[in-house]
Each structure stands twice: as structure tokens, then as C-alpha cells.
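Here is a short briefing to keep beside you while you look around the model. It takes the metal sites, then the contact between the chains, then the charged pairs.

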Amino acid sequence: MTISSLIDTPSELTDSASSKTAIVLMTRIRLARNLAGRPFPGWAKPAQRAEVLQLCREALVEATAMKRSVNVAVHELSDLEKQILVERHLISRELSGSDAGSGVVINRDQTVSVMINEEDHLRIQVLRSGLQLKKAWNAINDLDSALEQRLDYAFSPTLGYLTACPTNLGTGLRASAMMHLPALVIGGQMEKVVRAVNQLGMVVRGLFGEGSDASGSIFQISNQTTLGEAEDEIIKRLQSVLQSIVEHELNARERLLEADPGKVFDKIGRAYGILQNGHVLSSGEAMNLLSLVRLGVDLGAFPDGHRQVIDRLFIEAQPGHLQHAQQGPLEAGQRDLLRAERLRSEFANLTRPNFTYPAPGKSVDGKN
Amino acid sequence: MAKTLTCNFCSQPATVHLTKIVANKVHNVDLCEDCAQAKGVTNPGGFSLGDLLLEASLKGEASSGGGGVRCEQCGFTQADFKKHGRFGCPACYDTFAALLEPMLDGMHKGTRHAGKVPRAALERKSLYDRLTKLELDLTDAIKSERYEEAARFRDEINQVKQAFTPKDSA
Ligand SMILES: [Zn+2]
Ligand SMILES: [Zn+2]
């Protein structure tokens, strides 16, 4: 399988049937692993990196989970292909900028990707749409155990899996969920949530990893510590934090609707109008508008099926995906025109919102 | 480190002395007036003693000449760690254990691994270690013409080698 056919194959993120979930868009778990007796990628010489790449690739093709996968060296990828993979959360920005001797193996439905010679020899990642921490953990645990049959991991009984950076030591596990939290953003409560979540040992970030850009009201919540706790405890702790954030978001939605339903519906209605009729849309603005329409779906103003369209557009409105669809590089100005054109045609077929004002004193169920 | 009361960060006389006890060990940081101000020590809650200890120990090591400890496996030094914030190879965790200990304390939930263990890989390693030892024993036995023992070692080697044959992953 080639990278270009992979990009055009339906993926877990863009075409998931389980895109039914309000609030949690996707779940990811990654494990950091290194080979014993070999320098970490950042300190290794080119020949040593090449050896590790070779060893890891050999082990990966034998794993059942990686049957029918794409197996490429990073330097074989074009800049556009790398950007698309970053936008799909399949590789990190760090890997896309790395030297010779780095690679990635991605399975066909794009639920599993393994980066080789990123910060660690192996960064194994499993991704699932919606909130599926347990399933993601089972899948990644199985793949990790299969790889361990062939690879000698660097491991210490006291410190666990040894990683290039001591912050990943122990389990090497980072579990995260991508959450859509528009009501907490509109209500100005995000800062409070971030602080509370930090105190529980979890980290909140804007959509694409680092930075605090909250475009589309999408946030990534993940565990901060990796040592001193078993994997299932980390996951259980994250799960309970996620559930409490979901509750806060639902409460915030209820309060917004109680306080001023007209204002909320106005935002959603305008977003729909611009997406259907706009001609210049930056990626940030598009994300924010799509986010409002998604909120509209959750509130019952649009049919449930729209959610899957929005989730696909969250990804397809990104610069790399736009240029791929256009089959050529575009300047930022051209991209904004093209993005608006794409969104206009998608929204031409999406039914108009149908808002129901809550009866006084009755509570609104955001879960539909 | 010398026990003169000079600042851990520059060479002025130290007037501020901080103590932290981690795992029953006392760690000291001595600072001059200027550095105490610069590190935010005078501002309660505005600094982390853990970070300061790490910084001071890195500083002390770097200025003590000779480059400090160096990882025998990969040549990584403490100065490299200070620069990159990453280690050079898995063996660095042994080499720089003393440096790491106070860091881990504030960085993680605990300081001991409580999760998954790579059983297959560890078993393979212990088999490999056993094989290496048996092969040495065998050579010794043959050299000193203890042929009965040699035959026994050879049998054991064959057994260990059989256990080595990789099982196909599920
Ligand atoms: Zn000083
Ligand atoms: Zn080393």
C-alpha cells in the first residue's frame, strides 16, 4: 500500500460510523519504547539510526495489527503528505521535520501508527473515534506485546521503560482525548477547568498539540505523569476526569440555554449561514463555525448524521487536506477562497437548523 | 562540592541557605543576595526548590572541571543533559542516577515503576545471559579436559537454545 492510496482510504477519523458522540471526538493512546543498548534517536549517529529503523520495521511487518499497512521513511514523503499525516494526527510535527533514518508505519484504517526514531525509537499510537480508552488500551497493549517478542526493549525494574526524556519514564504511556467544549468556552469557564484539570495531574492543550490556540473549542486532555502508577490506573484517572469535564460542558450548555437561548441559536444560525454562503474563510474561522454547527447538532437543531460531516470537515478544512484535494500548492489567500468554496458545496446539502426554544422551567438535555 | 559558603550559581558569598529533604537525604542550596532575587526565592510560592536543586547540581557539576560524569555507553555528559533535557542512551539512567533522583520526585506520581513489564524481552535476556555463561563453562571444561561436565554443559546449551526459538506473535 502506498501513502497516496492511504490518504484516499476511508479512515477512523474522517469516516467513522461511531461519530455519534457529543463532546469527545476521539481517544488516543501512545507508548514510548526504546531498544536496549542503543543510543536514543536524538543522540544516535546516522548509521545507528538506520539500524534501529531497520530492526523496528522488521518487527512491525510481522505484527498482525500491521498487516496491510504503509511503511515509509520520512524523507520519502513530500511536504504535503507529511502535512496531511500531521493533520490526521498520524505523525507528529517533530517527526515530519526529522532527519534521515526516521520512519512511520500506518495501518489501513489509520487507527494505528508507529513512528520510528522520533524522540524515542518507537512511538506507538492507537487512535479511536469517540471515547474508547479501554479499547484503545487493549489494542495498543496487544501490539506492544507482539513487538516485544522480537525487540529487546530498554527496561529497568525500578524505572520501567527507559525513554529519552525522563518525563516519559515508567509506562511511557500518554492517553488523551480530544474534546469539543464550546459552552465552556462561550461561558468563559475554560480557564477554571484547565486549572482544576492540572491539579488532578492532567494537561489541557489546544487542538494541534502545543500552543494554547483553542480554535474550534477543541481541546486535548492527557495525563501528565507516567511513572509510579500502572497503565490501567492512569487510564481510569483520565476517564474520570473526562467524565467530569463532559458533565461540566453539559451543565454549561444547559445554563447557556436557560439564560439566553436566542443568543446561542443566533450564533449557531449565523455559523450555518456563513458556512453555506461565505467566500473567504481562514482555517481558524472555519473551525469556529464548524464547532458551532456541531453544538447545534448536539442540541438537536440538526439531524444526528450531520455530526459525522462536521468531524470530517474539521480535518478536511486544514491547509494540507485542501491542497491535496486541489492537487497542488496554494497560497494562504487562495486557500481561504477554496476552503469557503468546499464548505459552501458541503453545506448546500445540509438541512437548515430547526431550533426549539426550551419551555420555561424545563431542563434541556444536551446529550439528545 | 566544596563546603565553602559561596553562591551555587555565581561565586559571590552566599547569604541565603535552602534545605530540602528528599527520601531522607538533605539537599542544600546556597545563594547570594542577587541570585536569590533573580531565582525568585524571596517571592514565596514563586519558585520551585526542586528545579533550583537540579539547576544548582548541574551548575556545580559543570563548573567542577573535567566535564563531570560521562556515560560509558554513549559518551553523554551532564552538560549534554543540561543542554538537551534528554538522555543519550538507556545506560545514561544508571550513569546519572544521582542527578535523576531529585528530579523524578517532583516530576511524577511516584519514583518506582508500577506498570507493564516486557516479560518476553526479559525472559529472552535471562536466557541469553545463561547461554553466555554456559558457553564459557563449556570452554573451561574442555580446556581442563573435564569431558563429562562438558557433555552436560552441551546438553544444557541445546536446551536453552531450543527455548530461544521465537514463537510467532499472535
Ligand atoms: Zn549568586
Ligand atoms: Zn548513555
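Four donors count as tetrahedral if all angles lie between 85 and 135 degrees. Around the zinc ion (ligand 2), the four donor atoms subtend angles of 100 to 124°, so the arrangement is tetrahedral. Please keep in mind that this is a predicted model. Besides that site, there is a zinc ion (ligand 1) to visit, an interface between chain B and chain A that buries about 3300 Å², and a set of 24 salt bridges over all chains.

**The zinc ion (ligand 2)**

- The donors here are the SG atoms of B:Cys71, B:Cys74, B:Cys89 and B:Cys92, at 2.3 to 2.4 Å from the metal.
- Along the sequence, these donor residues follow the spacing C-x2-C-x14-C-x2-C.
- Two of the donors tie together distant parts of the chain: B:Cys74 sits in the loop between α2 (49-63) and α3 (78-84) of chain B, while B:Cys92 belongs to helix α4 (residues 92-95) of chain B, 18 residues apart.
- Are B:Cys74 and B:Cys92 buried or exposed? Both B:Cys74 and B:Cys92 are buried.
- For comparison with the angles at this site, the ideal value for four tetrahedral donors is 109.5 degrees.

**The zinc ion (ligand 1)**

- Which residues coordinate the zinc ion (ligand 1)? They are B:Cys7, B:Cys10, B:Cys32 and B:Cys35, each through SG, at 2.3 to 2.4 Å.
- The site of the zinc ion (ligand 1) is tetrahedral, with angles of 103 to 116° among its four donor atoms.
- The donor spacing for the zinc ion (ligand 1) reads C-x2-C-x21-C-x2-C along the chain.
- B:Cys32 and B:Cys35 are both buried.

**Where the two chains meet**

- Chain B brings 37 residues to the contact, and chain A brings 45 residues.
- Of the roughly stated total, about 3300 Å² buried between chain B and chain A, 58% is on carbon and sulfur atoms.
- On the chain B side, B:Tyr93, B:His113 and B:Lys116 lose the most area to chain A, together 22% of what that side buries.
- How many residue pairs are in polar contact between chain B and chain A? The count is 19 residue pairs, both residues being at pLDDT 80 or more.
- The elements of chain B that give two or more residues to the side touching chain A are α3, α5 (97-107) and α6 (119-143). The largest share, five residues, comes from α6(B).
- Two salt bridges cross the interface of chain B and chain A by the rule.
- B:Lys116 pairs with A:Asp144 in a salt bridge, with the closest N and O atoms 2.7 Å apart.

**A:Trp43, a residue to click on**

- A:Trp43 is placed in the loop between β1 and α2 (46-62) of chain A.
- With a relative accessible area of 27%, A:Trp43 is partly exposed.
- Beyond its neighbours within four places in sequence, A:Trp43 is in contact with B:Cys74, B:Gly75, B:Phe76, B:Asp80, B:His84 and B:Gly88. B:Cys74 is also one of the donors to the zinc ion (ligand 2).
- A:Trp43 and A:Ala164 are 121 residues apart in sequence, yet 9.2 Å apart in space, C-alpha to C-alpha.

**Charged pairs**

- Side chains of opposite charge can pair when their charged atoms come close.
- A:Asp144, the partner of B:Lys116, also meets A:Arg33 in a salt bridge (3.0 Å, N to O). This pair links distant parts of the chain, with A:Arg33 in strand β1 (residues 24-33) and A:Asp144 in helix α5 (residues 133-148) of chain A, 111 residues apart.
- A:Arg33 has a relative accessible area of 0% and is therefore buried. A:Asp144, at 0% relative accessibility, counts as buried too.
- A:Arg270 and A:Asp266 form a salt bridge (2.8 Å, N to O), and both lie in helix α9 (residues 261-277) of chain A, four residues apart, about one turn of the helix.
- A:Arg270 is exposed, at 55% relative accessible area, whereas A:Asp266 is partly exposed, at 37%.
- Salt bridges with shared partners join A:Glu118, A:Glu119, A:Asp120, A:Arg123 and B:Arg86 into one network. Within this network, A:Asp120 and A:Arg123 meet at 3.0 Å, N to O, and both are buried.

Terms used: Residues numbered from 1 in each chain as written. Chains lettered and ligands numbered in written order. Predicted model: local features only at pLDDT ≥ 70, side-chain atom pairs only at ≥ 80, totals over all residues. Heavy atoms only, no water. Donors = N, O, S within 2.8 Å, 3.2 Å for Na, K, Ca; no water. Tetrahedral: all angles 85-135°; square planar, octahedral: opposite > 155°, others 65-115°. Buried < 20%, exposed > 50% of the residue type's maximum accessible area, 1.4 Å probe, protein only. Contact = heavy atoms within 4.5 Å. Buried area = accessible area lost by both parts, 1.4 Å probe. Salt bridge = Lys/Arg side-chain N within 4 Å of Asp/Glu carboxyl O. Polar contact = N/O pair within 3.5 Å; in protein donor to acceptor, adjacent residues only side chain to side chain.
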